[in-house]
Amino acid sequence: MTEYAEASLAPPPEAAFDFRGRTVFVAGGSSGINLSIAEAFARRGARVGIASRSPERVAAAVVRLRSHGGRAEGWSADVRDAESIGAALAAAHEAFGPIDVLVSGAAGNFVAPALGMSSKGFRTVVDIDLVGTFNVLRGAHEFLRRPGASIINISAPQAANPTPYQAHVCAAKAGVDMLTRVLAMEWGTDGVRVNSIVPGPIGDTEGVRRLAPGPEALAAMAASIPLGRFGRTEDVALMALMLSSPWSSFVTGAVIPVDGGSSLAGGRDLSSALKPAA
Ligand code: NAP
Ligand code: COA
């Protein structure tokens with residue numbers, strides 16, 4: 001992206017969304033929404049690094065990313081382990097140079113009442129979503145382009161809507177959005193912007209498969225979305241491009257829903273996704 005003079009604050013889209021020569025790193029980028037975000041940048045010329053636990057998923061995603069003609073690399077890493085994700089970030093920096101766009105999207109979820117989850121079950125989700133996001137951002141800071149980097153945390157509606165059977169996710173993602181705001185303040189003077197995207201229900205994703213198993217639950221979920229359809233992974237990717245373009249150069253600390261209006265209706269009834277007690 002070229003630097004634009006104050007007089008031309010609205011560069012044409014083809015320039016604003018040209019990521020050739022830029023480096024993007026997506027934590028949790030081997031599937032679903034996060035992979036779609038990685039692909040959106042790859043299509044527009046970025047060098048893309050991804051990391052997640054499964055080496056097989058990472059390898060398959062890298063093949064897909066390279067099919068867009070640019071450079072892509074992947075590393076097997078667990079965001080719960082600061083050393084593991086730190087090594088992946090260092091390797092991406094070594095391979096591609098300063099990170100222009102950092103996406104933290106690794107997450108875990110299951111549907112269970114608070115009394116149906118152990119302390120370890122609660123902690124597992126908090127460790128992946130919240131501590132993992134801290135590890136990704138903290139570990140990346142030394143490798144970010146400063147000034148200029150855009151950090152995007154992938155949050156969830158549960159961060160703001162108290163949702164029964166999602167105590168772990170609600171607590172973890174609320175923490176993620178607060179990290180977004182705090183680090184936007186701490187790192188603003190470095191020229192680093194930090195924002196959250198809050199996807200609504202996105203079709204054909206693991207997240208929705210877990211929350212709405214079966215056709216009836218899916219139909220009820222779709223009916224509750226004001227725009228009348230599930231989101232597409234590309235809908236979320238477009239916002240990630242926007243938040244990394246000069247069109248968002250004064251946007252930081254924002255928590256932005258990309259949800260077809262679904263958050264307007266508040267929390268969800270997930271009782272149909274509860275596994276019967278053993
Ligand atoms: P997904 O396909 O399961 O994506 C999760 C990714 O995170 C996978 O690539 C997974 O790969 C990786 N991951 C999980 N645990 C990890 C760990 N400990 N360390 C490193 N990587 C890890 O799910 P999705 O539905 O697309 O969700 C993506 C993001 O969007 C999540 O942050 C989710 O909370 C958010 N979101 C989704 C929806 C939705 O409708 N789907 C709605 C709101 C928010 P490995 O298994 O290889 O580690
Ligand atoms: N109900 C209650 N507790 C559950 C559970 C459920 N449905 N599923 C898992 N847990 C508990 C386990 O019982 C375990 O606690 P315990 O040892 O005290 O019994 C704890 O959670 C950790 O489970 P484990 O399978 O060892 O964790 P993991 O680190 O291998 O996997 C998960 C993490 C559980 C979040 C797994 O579902 C995962 O890897 N998810 C990633 C993909 C995903 O969730 N995508 C959607 C993103 S929105």
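**Exercise 1. Find which residues of the 15 around ligand 2 come nearest to this ligand, and describe the polar contacts and the cover that the protein provides.**

Step 1. Among the 15 residues around ligand 2, those that come nearest are Arg53, Arg80, Asn109, Ser118 and Arg210, where a residue is counted as near if one of its heavy atoms lies within 4 Å of the molecule. This is a predicted model, in which local features need pLDDT of at least 70 and side-chain atom pairs count only at pLDDT 80 or more, while totals for chains, interfaces and linings use all residues. Residues are numbered from 1 along each chain as its sequence is written, chains are lettered from A and ligands numbered from 1 in the order in which they are written, and side-chain values use heavy atoms, with hydrogens and water left out.

Step 2. Look next for polar contacts, which for a ligand are pairs of N or O atoms within 3.5 Å. A polar side-chain atom of Arg210 lies 2.8 Å from an oxygen atom of ligand 2, and for Arg80 the corresponding distance to an oxygen atom of the ligand is 2.9 Å. In the side chain of Lys120, an N or O atom is 3.3 Å from an oxygen atom of ligand 2.

Step 3. On its own, ligand 2 has 940 Å² of accessible area, of which the protein covers 59%; such areas come from the Shrake-Rupley method with a 1.4 Å probe. Helix 5 (119-140) and helix 7 (206-211) are the elements that give two or more residues to the shell, helices being DSSP runs of H or I with at least four residues, and strands runs of E with at least two, numbered from the N terminus.

**Exercise 2. Work out which elements build the largest nonpolar core, and which residues Ile37 is in contact with.**

Step 1. A nonpolar core is a set of buried Ala, Val, Leu, Ile, Met, Phe, Trp, Tyr and Cys residues joined through side-chain atoms within 4.5 Å; buried means under 20% relative accessible area, exposed over 50%, and partly exposed in between, with a 1.4 Å probe and protein chains only. The largest core has 34 residues, and Ile37, Phe41, Val48, Ile50, Leu65 and Ile197 touch the most other members.

Step 2. The elements that give two or more residues to this core include strand 1 (23-27), helix 3 (55-66) and helix 9 (233-243), but helix 2 gives the most, with 7 residues.

Step 3. Apart from its neighbours within four places in sequence, Ile37 is in contact (heavy atoms within 4.5 Å) with Val103, Ile154, Val236, Ala237 and Ala240. A second, separate core of 27 residues includes Ala149, Leu183, Trp187 and Val194.

**Exercise 3. Decide whether Ser36 is buried or exposed, and find its contacts.**

Step 1. Ser36 is found in helix 2, and because its relative accessible area is 8%, Ser36 is buried.

Step 2. Leaving aside neighbours within four places in sequence, Ser36 is in contact with Thr233, Glu234 and Ala237.

**Exercise 4. Describe the backbone at Pro147, Tyr165 and Asp204.**

Step 1. Most residues other than glycine have a negative phi, and most peptide bonds are trans.

Step 2. Arg146 and Pro147 are joined by a cis peptide bond with omega about 0°, and Pro147 lies in the loop between helix 5 and strand 5.

Step 3. Tyr165, although not a glycine, has a positive phi of about 75°, and Tyr165 is partly exposed, with a relative accessible area of 26%.

Step 4. Asp204, also not a glycine, has a positive phi of about 55°, and Asp204 is exposed at 70% relative accessible area.

How values were computed
A polar contact is a pair of N or O atoms within 3.5 Å; within protein, one must be able to donate a hydrogen and the other to accept it, and residues adjacent in sequence count only if both atoms are side-chain atoms.
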